[in-house]
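Colleague: Could you take me closely through the surroundings of the ligand, step by step, and explain each term as you go?

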Amino acid sequence: MKFQPRASHFIDGEYVEDTNGAAIEVIYPATGEVIARLHSATPAIVEQALNSAKNAQAAWAALSGTERGRILRRASDIMRERNYDLSVLETHDTGKPIQETTVADATSGADALEYFGGLAASLTGEHIPLGGGDFVYTIREALGVCVGIGAWNYPTQIACWKGAPALACGNTMVFKPSETTPLSALKVAEILVEAGAPKGVYNVIQGYGDVGASLVTDPRVAKVSLTGSVPTGRKVYAAAADGMKHVTMELGGKSPMIVFDDADIENAVSGAILGNFYSSGQVCSNGTRVFVQKGIKEAFLKRLSERLDHAKIGDPMDENVSFGPMVSENQMNIALGYIEKGKAEGARLVYGGERIERDGYFVQPTVFADVTDNMTIAREEIFGPVMSVLDFETEEEVMARANDTEFGLAAGVFTNDLTRAHRIVAGFEAGTCYINTYNLAPVEAPFGGSKMSGVGRENSKLAINHFSEMKTVYVSMNDVEAPY
Ligand code: NDP
């Protein structure tokens, strides 16, 4: 098998296997063919990985930030050099078109390694002068062993978005990818070692949710960073709380995108396409509730349908293909189930709505209009290529409806009215907001959710605070005065 890794896990700088673990079959979503066979981590493998990360941590943290940063930046360069091969692997792991994976996966991972590699040397505490000559200084310290748990939609990116800031701060990591897409994190681990990371600094173990759960509760672990659904987030957050561990939770969403009648329609349609159909709709920050002001509704829907006719659906390895399969049969069935619910609850199907008759797990890009706020497709995260278009009349009305959700990951507005745009984003209850664009997530900007969509932020300088803590040192320059 062409994509079979040397072994299932990467621990202490080497590939490691334990065939006693439950079987994991890796399936190419475009054909249904098995492309690799792996094993879930046994308790012995979990033990080995945590020991390795624990043993490596003090020496890694003792290197200068410059030295750690150099290794991360070298890894970034290697990832860029191998971008095409890594993208082919990612396409086979996820089914996403090569047109996407060559620009959004290893490249985004490399951006994180480069950015946090660059920051590593400048991570410091501060000096705080006090009265009478006393002062405090703070020491920025690593947390220790961090656990990363990933979803299946951006496996390379998630492995790096968690690994890069963790390592920059002097932590070590045990990363568990989703068992649906286990391959690319192994490559990230290999590349880090090749770039000079000492063994044990970044380990990857495979497994189902039970492996993730055993990592989260282990006393050696200081921090858990999860990308996944809200139900999983709730469980992981609760388990981490028991050990008072730090957490970052990057969870799901049902984000609003508001299109006012003064918006540039072409841009708004482009934003809605990117925010609903990129990666076949399997993006957490997608703007799946598209509120369109009544005056331009029909024009918007007409242009959207015309543009969707140009989606090139097919073999994701074909560079002209812009829309691929869903990640798995299970995820396809979830999306098809929601499409049936949309039809049954009375939404108007204006585009797509069916499975595509070919091998693999393809679902047509699907648009429902006349969706109302209480329909299931407007309330629950679908994580598939299903857009709901809702009508609105006034700004006040749409603001309240946009925020009427338990989620708060992202939100967007399309309008040419400058003050309205800023008023709207000020009112959004969401972690990441867009004005006249959608779904961009550069490493320089904080990314994460409010409300049920998560806790903490990834990327940007803020991520450093989530992977380090401050030690306060009070220095007295005076005699100690005690009352007796
Ligand atoms: P899941 O929540 O099903 O799984 C996420 C990860 O957690 C997987 O690796 C899973 O392992 C693991 N896991 C499951 N149960 C436990 C447990 N009890 N303890 C520890 N780990 C566990 O999400 P999906 O993989 O289905 O991904 C889709 C979800 O991820 C969507 O809701 C999406 O919105 C969200 N997401 C959020 C992003 C963000 O940045 N906010 C980005 C991308 C996705 P296994 O798969 O083996 O069960």
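Modeller: An oxygen atom of the ligand lies 2.7 Å from a polar backbone atom of Gly150, and with a polar contact meaning a pair of N or O atoms within 3.5 Å (within protein, one must be able to donate a hydrogen and the other to accept it, and residues adjacent in sequence count only if both atoms are side-chain atoms), polar side-chain atoms of two other residues also come into view: that of Lys176 is 3.1 Å from an oxygen atom of the ligand, and that of Ser178 is 3.4 Å from an oxygen atom of the ligand. The ligand taken alone exposes 910 Å², of which the protein buries 86%, where accessible areas come from the Shrake-Rupley method with a 1.4 Å probe, and for residues only the protein chains shown count as cover.

This is a predicted model, in which local features need pLDDT of at least 70 and side-chain atom pairs count only at pLDDT 80 or more, while totals for chains, interfaces and linings use all residues. Residues are numbered from 1 along each chain as its sequence is written, and side-chain values use heavy atoms, with hydrogens and water left out.

The residues of the shell around the ligand divide into 13 nonpolar, eleven polar and four charged; here Ala, Val, Leu, Ile, Met, Phe, Trp, Tyr, Cys and Pro count as nonpolar, Asp, Glu, Lys and Arg as charged, and the others, Gly among them, as polar. With three residues, α8 gives the most to this shell, helices being DSSP runs (H or I, at least four residues) and strands likewise (E, at least two), numbered from the N terminus.
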